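Me: Please give me a close look at a single part of the protein shown below, one strand and what surrounds that strand. I would like a connected account rather than a list.

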Amino acid sequence: MMQQLREPQYICVIPVDGITGNLDEEIITFGVSADEAKNKAEQLLADKYGCNEAEVFQLIQQARVEPLSQWCSPGDRQS
């Protein structure tokens, strides 16, 4: 049986400047659902940055979860 590949549909962006000290630093995760993108971000915060549960909760409150199509569409670009 062949497994169907599902492409990411959502992006989760979390500022991590409070952890790293770099004012422009963010982490970005992708998922086929908003919840999956958020869950991946939570896991990354715990695994890579060593955040505890309270820190993860606080950072997730600052997260932007958006459809990926908003990031990929050309929008209103002017020459």
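Reply: What follows is an account of strand β2 and its surroundings, in a model that is predicted.

Strand β2 covers residues 26-31. Its place is in an open sheet of three strands, arranged in the order β2-β1-β3 with antiparallel pairing. β2 is one of the edge strands, the other being β3 (64-67), and each of the two pairs on one side only. From one strand to the next, the twist averages 20°.

The partner of β2 is strand β1 (residues 10-15), and six bridges join the two in the antiparallel sense. Two of the residue pairs can be named here. I27 of β2 is the bridge partner of I14, and E26 of β2 is the bridge partner of P15.

The two faces of β2 have to be taken separately. I27, T29 and G31 make up the covered face, while E26, I28 and F30 make up the uncovered one. Helix α2 (residues 34-47) lies across β1, β2 and β3, and runs at about 140° to β2.

On the covered face, T29 is a good residue to follow. T29 counts as buried because its relative accessible area is 8%, under the 20% cut-off. Leaving out residues up to four places away in sequence, T29 touches Y10, I11, C12, A37, K40, A41 and L44. Its side chain also has a polar atom 2.7 Å from the backbone oxygen of A37.

I27, also on the covered face, belongs to the largest nonpolar core. That core has twelve residues: besides I27 they are C12, I14, V16, A37, A41, L45, Y49, C51, V56, L59 and I60. The elements that give two or more residues to the core are β1, α2 and α3 (53-61). I14, the bridge partner of I27, is itself a core residue. With neighbours within four places in sequence set aside, I14 is in contact with E25, E26, I27, A41, L45, L59, I60 and A63.

The uncovered face includes E26, and this residue takes us to the charged pairs. The structure holds two salt bridges. In one of them E26 pairs with R64, and the closest N and O atoms are 4.0 Å apart. This pair links distant parts of the chain, with E26 in strand β2 and R64 in strand β3, 38 residues apart. R64 also forms a salt bridge with E66, where the closest N and O atoms are 3.5 Å apart. Through shared partners, the salt bridges join E26, R64 and E66 into one network.

None of these three residues counts as buried or exposed. E26 is partly exposed, because its relative accessible area of 39% falls between the 20% and 50% cut-offs. R64, at 36%, is likewise partly exposed. E66 is partly exposed with a relative accessible area of 21%.

To put β2 together: its covered face carries I27, T29 and G31, with I27 in the largest nonpolar core and T29 buried. Its uncovered face carries E26, I28 and F30, with E26 in a salt bridge to R64.

How values were computed
Residues are numbered from 1 along each chain as its sequence is written. This is a predicted model: local features need pLDDT of at least 70, side-chain atom pairs count only at pLDDT 80 or more; totals for chains, interfaces and linings use all residues. Side-chain values use heavy atoms; hydrogens and water are left out. Helices (H or I, at least four residues) and strands (E, at least two) are DSSP runs, numbered from the N terminus. Buried means under 20% relative accessible area, exposed over 50%, partly exposed in between (1.4 Å probe, protein chains only). A polar contact is a pair of N or O atoms within 3.5 Å; within protein, one must be able to donate a hydrogen and the other to accept it, and residues adjacent in sequence count only if both atoms are side-chain atoms. Contact means heavy atoms within 4.5 Å. Two strands pair if DSSP finds at least two bridges between them. Axes are lines fitted to C-alpha atoms, for helices over the stretch in contact, and angles run from 0 to 180 degrees between N-to-C directions. A nonpolar core is a set of buried Ala, Val, Leu, Ile, Met, Phe, Trp, Tyr and Cys residues joined through side-chain atoms within 4.5 Å. A salt bridge is a side-chain nitrogen of Lys or Arg within 4 Å of a carboxyl oxygen of Asp or Glu.
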